[in-house]
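User: Please take a close look at one side chain in this model and what surrounds it. Then follow its links outward, step by step, so that I can see how it fits into the rest.

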Amino acid sequence: MAQTSASIPADSGRDAAAEQLSWPQDVSHEPTLKIGEVRAIVSGEFPFLAASKIRHFENEGLISPHRTPSNQRLFSLADVERLRFILIEQRDRYAHLAQIKEMLRQLDSGAATHEHPGRMHAVGGGESAAVRPGTRLTKTELSQLVGVPIHQIESYVEAGLLAPDSRGRFTSQAIDIVRYAAALEEAGMPTRQLRAVHTSAHAHAVALVNMLALERARKTPLAQERVVAATGELSALLTHYYRALLLESIDVELR
């Protein structure tokens with residue numbers, strides 16, 4: 001056995017390891033960072049990133065941190081860049097985790113580069129990275145789009161923050177509802193306050209719709225178009241009004 005191992009060139013093992021490095025290959029792959037340190041590094045871009053979300057990405061096979069003998073996760077700077085890529089694709093392009101996984105596979109294999117992505121966005125069996133209004137999403141699809149575990153989505157349903165239809169599907173707005181609810185929850189906001197905001201939003205939605213009751217009663221295509229346009233304008237005004245009230249109240253509380 002000693003003779004066999006001695007006959008192997010010293011550099012061959014390092015060359016094989018280099019070939020197997022996952023993207024990005026030009027960044028250190030030495031696992032030295034704990035999960036809290038990883039969160040601190042990306043906190044400027046993603047201040048509410050939860051450790052559970054990073055673990056979810058690991059479970060989905062998008063990142064592969066080193067495990068110590070005591071089963072502690074250790075990450076490299078390459079893992080951090082990989083994580084940043086995943087989060088940016090989710091935030092800016094609404095990419096599914098399955099799509100991102102395919103992008104990373106192409107980057108790992110050299111079929112695409114980050115600077116010259118090539119086919120990276122042509123993945124997922126014809127799916128569009130951005131979800132169109134009116135789309136209905138399954139629980140699994142919603143989980144993949146936002147990058148939170150299914151049990152967290154189920155907890156939001158139980159809390160009344162999400163309302164699936166009779167087939168158990170969610171609207172395209174559920175993406176942002178889950179994303180912001182998870183961020184606020186991670187920041188320390190209790191579920192009861194999230195529920196209070198949800199209740200207020202529903203009450204205001206009913207009020208806006210009732211303001212347009214006469215136009216809705218006409219049932220003509222033109223009238224329906226006017227209703228859609230008016231609700232969009234009114235909801236935007238209400239959103240800006242609420243934001244101004246919120247910022248003023250925060251300013252008063254901090255004095």
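Analyst:
**A close look at Arg179**

Leaving aside residues up to four places away in sequence, Arg179 touches Gln90, Tyr94, Leu145 and Val146. Keep in mind that this is a predicted model. Arg179 itself sits in helix α9. Is Arg179 buried or exposed? Its relative accessibility is 18%, so Arg179 counts as buried. The cut-off for buried is under 20%.

Now follow helix α9. This helix spans residues 174–187. Together with α7 (139–146) and β4 (170–171), α9 is among the elements that cover the buried residues of α8. Which residues of α8 are buried? They are Gln152, Ile153 and Tyr156, in a helix that runs from 150 to 158. These three span an arc of only 100° around the axis, so they lie on the same side of α8. Here a general rule helps. An α-helix has 3.6 residues a turn, so residues three or four places apart point the same way. The other side of α8 has exposed residues, namely His151 and Glu158. Just past the end of α8 comes Gly160, with a positive phi of about 85°.

Go back to the neighbours of Arg179. One of them, Gln90, is also touched by Ile100. Beyond four places in sequence, Ile100 contacts Leu62, Phe85, Ile86, Glu89 and Ala95 as well. Where does Ile100 belong? It is part of the largest nonpolar core, which has 22 residues. In that core, Phe57, Ile100 and Leu104 touch the most other members. At least two core residues come from each of α3 (35–42), α4 (51–59), α5 (77–93) and α6 (97–109). There is also a second core, separate from this one, with 17 residues. Leu137, Val148, Leu161 and Ala174 are among them. In soluble globular proteins, nonpolar side chains tend to be buried together.

Next, compare another buried side chain. Phe75 is in the loop between β2 (73–74) and α5. Its relative accessibility is 2%, which means Phe75 counts as buried. What does Phe75 touch, beyond four places in sequence? Its contacts include Glu30, Pro31, Thr32, Leu33, Lys34 and Ile35. Val38, Ile54, Ile63 and Pro65 complete the list. Look at Pro31 in particular. Phe75 and Pro31 are 44 residues apart along the chain, yet their C-alpha atoms are separated by 4.7 Å.

Some nonpolar residues are on the surface. Val197, Tyr242, Leu246, Leu247, Ile250 and Leu254 make up a nonpolar patch there. Their accessible area together is about 590 Å². Helix α12 (residues 221–254) gives the largest share of the patch, 5 residues. Leu246 is in helix α12. With 40% relative accessibility, Leu246 counts as partly exposed.

Last, step back to the whole chain. It has 12 helices and 4 strands. There are 255 residues, and 29% of them count as buried. Take the contacts with a separation of 6 or more: 63% link residues 24 or more positions apart. The accessible surface comes to about 16,100 Å², and carbon and sulfur atoms hold 56% of it. Within this picture, Arg179 is a buried residue of helix α9.

Key: Residues numbered from 1 in each chain as written. Predicted model: local features only at pLDDT ≥ 70, side-chain atom pairs only at ≥ 80, totals over all residues. Heavy atoms only, no water. Patch = residues over 30% accessible without salt bridge, like charges linked within 9 Å, V, L, I, M, F, W, Y side chains within 5 Å. Areas by Shrake-Rupley, 256 points an atom, 1.4 Å probe, with all protein chains shown as cover. Salt bridge = Lys/Arg side-chain N within 4 Å of Asp/Glu carboxyl O. Buried < 20%, exposed > 50% of the residue type's maximum accessible area, 1.4 Å probe, protein only. Core = buried A, V, L, I, M, F, W, Y, C linked by side-chain atoms within 4.5 Å. Contact = heavy atoms within 4.5 Å. Arc of directions from axis to C-beta.
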